[in-house]
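User: I have a model open and want to learn how to read its fold. Can you walk me through it, feature by feature?

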Amino acid sequence: QLKTAPLPVVRVAFIGLGMRGPGAVNRMTHIPGVEIVALCDMEQENTQKVNKMLEERGFPKALEFYGDENAWREVTALPNVDLVYIATDWKTHALMGVQAMKDGKHVAI
């Protein structure tokens, strides 16, 4: 029976923008009250493509994290993130999800 006050704006960070991640970002752009604040992937090209899509939809550009296999740790530590959406290879889901929760974030995998 946990009850908490609703968040007027949910600030979301995405980790993994290869196959499923871009579609997840796209779906979130249709939900009122969502701000996409960070994008993370091993490939800079993937973060750039998704940021371009955000701008085309009228959203502000999100912070980009890429190039290092541990860049995601910077994302989960961001103070302005409420929800971390993980769309990486299944082998990293638990590690990233647990760390995000330790960093005080809600997690979707």
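Analyst: Start with axes and angles. Axes are lines fitted to C-alpha atoms, for helices over the stretch in contact, and angles run from 0 to 180 degrees between N-to-C directions. Contact means heavy atoms within 4.5 Å. Helices (H or I, at least four residues) and strands (E, at least two) are DSSP runs, numbered from the N terminus. Now the case: α2 lies across β2 and β3, running at about 160 degrees to β2. The model is predicted, so local features need pLDDT of at least 70 and side-chain atom pairs pLDDT 80 or more, while totals for chains, interfaces and linings use all residues. Residues are numbered from 1 along each chain as its sequence is written, and side-chain values use heavy atoms, with hydrogens and water left out.

User: How do I read the sheet? In what order do the five strands come?

Analyst: The general idea first. Strands of a sheet pair through backbone hydrogen bonds, either parallel or antiparallel. Two strands count as paired if DSSP finds at least two bridges between them. Here the sheet is open, with the order β3-β2-β1-β4-β5 and parallel pairing. β3 (63-66) and β5 (106-108) are the edge strands, each pairing on one side only. From one strand to the next, the twist averages 20 degrees.

User: How many bridges join β1 to β2, and how many pair β2 with β3?

Analyst: Six bridges join β1 to β2. β2 and β3 pair over four bridges, also in the parallel sense. For single pairs, look at Val 12, whose bridge partner in β2 is Ile 36. Likewise, Cys 40 stands opposite Phe 65 in β3.

User: Why is β2 described as largely enclosed?

Analyst: Use relative accessible area: buried is under 20%, exposed is over 50%, and partly exposed is in between (1.4 Å probe, protein chains only). β2 is largely enclosed by the rest of the structure because seven of its eight residues are buried. Take Cys 40, which sits in this strand. Its relative accessible area is 4%, so Cys 40 is buried. Beyond four places in sequence, Cys 40 has contacts that include Phe 14, Thr 47, Phe 65, Trp 72 and Val 75. The C-alpha atoms of Cys 40 and Asp 68 are 9.8 Å apart, with their positions 28 residues apart along the chain.

User: What about the cores? Which residues have the most contacts inside the largest one?

Analyst: In soluble globular proteins, nonpolar side chains tend to be buried together. A nonpolar core is a set of buried Ala, Val, Leu, Ile, Met, Phe, Trp, Tyr and Cys residues joined through side-chain atoms within 4.5 Å. The largest here has 16 residues, and Phe 14, Val 25, Met 28, Ile 36, Leu 39 and Tyr 85 have the most contacts inside it. At least two residues each come from β1 (10-15), α1 (21-28), β2 (34-41), α2 (44-56) and β4 (83-86). A second, separate core of 15 residues includes Ala 13, Val 37, Trp 72 and Val 84. Tyr 85 touches Val 12, Phe 14, Ala 24, Met 28 and Ala 108, among others more than four places away in sequence.

User: Now a helix. Which residues of α4 are buried?

Analyst: An α-helix has 3.6 residues a turn, so residues three or four places apart point the same way. In α4 the buried ones are Met 96, Gly 97 and Ala 100. They line one face of the helix, because they fall within an arc of 95 degrees (taken from the directions from the helix axis to the C-beta atoms). Their cover includes β1, α3 (71-76), β4 and β5. The face turned away carries the exposed residues Ala 94 and Lys 102. Ala 94 counts as exposed because its relative accessibility is 56%. Just after α4, Gly 104 takes a positive phi of about 85 degrees.

User: Last, the loops. Are Thr 88 and Thr 29 buried or exposed?

Analyst: Thr 88 lies in the loop between β4 and α4 (93-102). Its relative accessibility is 14%, so Thr 88 counts as buried. A polar contact is a pair of N or O atoms within 3.5 Å; within protein, one must be able to donate a hydrogen and the other to accept it, and residues adjacent in sequence count only if both atoms are side-chain atoms. The side chains of Thr 88 and Thr 92 make one at 2.6 Å. Thr 29 is in the loop between α1 and β2. Thr 29 is buried too, at 11%. A polar atom of its side chain lies 2.5 Å from the backbone oxygen of Asn 26. Further along the sequence, past four places, Thr 29 touches Ile 36, Leu 54, Arg 57 and Phe 59.
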